[in-house]
Amino acid sequence: MKLICGPMATISHPAFRILIEKFGACDEYFTEMINAGTLLTGGPFEKFYINPAPVPQKLVWQLTGHDTKNMVEAAKVLLDLPGIGLDINMGCSAPDIYRFGAGIGWMLKAQSETEEMIKEVSGVVESHNKEKNDNKRFSVKLRLGDDNFTDEKFYSFCDMLVKNKVQLLTLHPRTKKEKLIRPARYYYCQNIAERYKKDGVAVYLNGNIKDSASYNHALEVCPDVQGVMISRAAVKKPWIFAQLKNQELPQIDMYQLALDYISDIETYQPKEFWKTRLQRFFTYYSENFKFSHYAQTQFLNARDNEDLKLRLEDFFTRCPEERFISF
């Protein structure tokens, strides 16, 4: 079973991949969403979004946008980068994304419009592979659809993707507005895995995998999926992939882990991004501690990186029992 690190805004960058690699790694890393229009206009920060370090061969480039022409041209750029392939985001349900027709917005449009985009991008992937003697994969990450979705509409949408040579579907089996407290409907992952097995289309399951128990439950419900994608739980516990592989883990020094992560953020992210990237990470990192609320308050209120380092030192001085995690 493949283990995949999911795409997360402000998290899925080289510094985070370096951290995961230290603990036994995973099989694939999806990047955070890369905006087609901004990529094409040469935004000042795009070089940071498309940095493939440290494991270019494991990367899946996730593309977002609302305009077919830009999606096609941006796909050409990303396919020339190293990695496993190209993924179209049709699952992001953030209002500022889907209201402009991106993310799950593609599932809310007339299916003919979405099919036109998929068909054209699929043609770009096929042409790239033929011309470059390459084997880049074409995939889509999606949800069930809007809150009034029907099985008929959902399966028809998936059929359209497969007809247009999408080779992998990653399904987060919730609707547009359903939150994480609502149980993921894993049986939809199993249903499409069975439905497209004869077509050679793989299915990855995404949603609510946070430990061995939830992982095993998901696989009991979905024995035919080929991969499990984990996102938020991997930020809190970067060693989760090693645990699911039953790999032996050393004692973890949480203080040193934090200092190394700050250093890698400074190396691989622009200074303008440091604060937001670190705040997002330390929100999850703090959940490992008995005094998690205190830790989170201290770390997220740091004025800058040097202040954050001082706050980390102070926290582990006050709470030395929190510094090491043993397995």
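Here is a walk through this predicted model, from the overall fold to its cavities and a few backbone details.

Let's start with the chain as a whole. It is built from 16 helices and 11 strands. Its radius of gyration is 20 Å, close to the 20 Å that the globule rule gives for 327 residues, so the chain is as compact as a globular protein of that length. Lay the C-alpha trace along its principal axes and you get a span of about 60 × 45 × 40 Å. Of the 327 residues, 55% count as buried. If you take the contacts with a separation of 6 or more, 72% of them link residues 24 or more positions apart. On the outside, the accessible surface comes to about 14,600 Å², and carbon and sulfur atoms own 49% of that.

Now for the inside. How many cavities of 30 Å³ or more turn up in a search of the whole structure? The search finds two. The largest has a volume of about 50 Å³. Its lining consists of Ser12, His13, Pro14, Arg17, Thr31, Glu32, Ile34, Phe48, Tyr49, Asn51 and Trp61. Helix 1 (14–22) and helix 3 (46–49) each give at least two residues to that lining. Sorted by class, the lining has five nonpolar, four polar and two charged residues.

The second largest cavity holds about 40 Å³ of space. Around it sit Cys5, Gly6, Ser12, Phe16, Arg17, Tyr29 and Phe30. Here, helix 1 and strand 2 (28–30) are the elements that supply two or more residues. By class, this lining has four nonpolar, two polar and one charged residues. Look back at the two lists and you'll spot Ser12 and Arg17 in both linings.

Finally, a few spots along the backbone deserve a look. Ala53 and Pro54 are joined by a cis peptide bond, with omega at about -5 degrees. Pro54 belongs to the loop between helix 3 and strand 4 (59–64); helix 3 is the element we met at the lining of the largest cavity.

Then there are two asparagines with positive phi. Asn133 has phi near 50 degrees and lies in the loop between helix 7 (111–132) and strand 6 (137–142). Asn208 has phi near 70 degrees, and you'll find Asn208 in the loop between strand 8 (202–206) and helix 10 (212–221). How exposed are they? Asn133 has a relative accessibility of 74%, so it counts as exposed. Asn208, with a relative accessible area of 35%, is partly exposed.

Definitions and conventions
Residues numbered from 1 in each chain as written. Predicted model: local features only at pLDDT ≥ 70, side-chain atom pairs only at ≥ 80, totals over all residues. Heavy atoms only, no water. 1 Å grid on protein atoms, 1.4 Å probe; cavity = no way out; pocket = protein on both sides within 12 Å on 5 of 7 lines; lining within 4 Å. Points joined across faces, edges and corners; volume = space filled by probe spheres on them. Helix = DSSP H or I, 4+ residues; strand = E, 2+ residues; numbered from the N terminus. Nonpolar A, V, L, I, M, F, W, Y, C, P; charged D, E, K, R; others polar. Rg over C-alpha atoms; globule rule 2.2 N^0.38 Å. Buried < 20%, exposed > 50% of the residue type's maximum accessible area, 1.4 Å probe, protein only. Contact = heavy atoms within 4.5 Å. Areas by Shrake-Rupley, 256 points an atom, 1.4 Å probe, with all protein chains shown as cover.
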